[in-house]
Amino acid sequence: MHIMSQKFRVLTTVLALMLTLGFGTTSAQADEVLLTINGASGNPIKLTRAEIEALPATSFETSTIWTEGKQRFTGVALKDLLSELELSGTTIRAKALNDYSIEIPATDAIAGGPIIAYFLNDQQMSVRDKGPLWIVFPYDSDVRYQTEVFYSRSIWQLDRVDVFD
Ligand SMILES: Nc1nc2c(c(=O)[nH]1)N[C@H]1C(S)=C(S)[C@@H](COP(=O)(O)O)O[C@H]1N2
Ligand SMILES: [Mo]
């Protein structure tokens, strides 16, 4: 009887720990607002990690000037983000946590073009590793993307996007 209750206590403690360390952490991150979008409508759209991951996903492999060897990026294509949220405009101003800011012409948002990546090799990226959101182009697919103009549009630690004309 005594041994049983002790086992039960150990079991419930382990379960509680799993909930707080495992499940708890995961849902907190899923609920975290990663991106604030301002379009013509005026009301800012705040997207959590879960909401961003629920948008149509695109993956590609490419090398980059910031990483070694081929890397697999997964995210929402800029094109799909604009269409899913019904955002229109000629220009996308992207801003980073460190207040780096760059304008990306909406004409860049094409199929086979840039994505807002949230996974690098199927793993979340920490702020230290250019995450949690990083606009990446499929550099290997087009030499045009292997230029300073597109490197400058490859904004990491992205947290705000404004779409305007
Ligand atoms: N968040 C963030 N993204 C950024 C930058 C930056 O300062 N902060 N610099 C941009 C510029 S101007 C270029 S050319 C490329 C390359 O930067 P690097 O040479 O410092 O790696 O990253 C771009 N993305
Ligand atoms: Mo640059």
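The surroundings of ligand 1 and the largest nonpolar core are described below. The model is predicted, with local features requiring pLDDT of at least 70 and side-chain atom pairs counting only at pLDDT 80 or more, while totals for chains, interfaces and linings use all residues. Residues are numbered from 1 along each chain as its sequence is written, chains are lettered from A and ligands numbered from 1 in the order in which they are written, and side-chain values use heavy atoms, without hydrogens and water.

Ligand 1 is surrounded by Trp66, Ala96, Asn98, Tyr100, Glu148, Tyr151, Ser152, Ser154, Ile155 and Trp156, each with a heavy atom within 4 Å of the ligand. By class, this shell has 6 nonpolar, 3 polar and 1 charged residues. Helix 4 (residues 148–152) supplies the largest share, 3 residues; helices are DSSP runs (H or I) of at least four residues and strands (E) of at least two, numbered from the N terminus.

A nitrogen atom of the ligand lies 3.5 Å from an N or O atom in the side chain of Asn98. A polar backbone atom of Ser154 is 3.1 Å from a ligand nitrogen atom, and one of Tyr151 is 3.5 Å from a ligand oxygen atom. Of the 520 Å² of accessible area that ligand 1 has on its own, the protein covers 66% (Shrake-Rupley method, 1.4 Å probe).

The largest nonpolar core, a set of buried residues (under 20% relative accessible area) joined through side-chain atoms within 4.5 Å, has 40 residues, and Ile116 and Leu158 have the most contacts inside it. Strand 7 (residues 115–120) gives the most to this core, 5 residues.

Methods: A polar contact is a pair of N or O atoms within 3.5 Å; within protein, one must be able to donate a hydrogen and the other to accept it, and residues adjacent in sequence count only if both atoms are side-chain atoms. Ala, Val, Leu, Ile, Met, Phe, Trp, Tyr, Cys and Pro count as nonpolar, Asp, Glu, Lys and Arg as charged, and the others, Gly among them, as polar. Buried means under 20% relative accessible area, exposed over 50%, partly exposed in between (1.4 Å probe, protein chains only).
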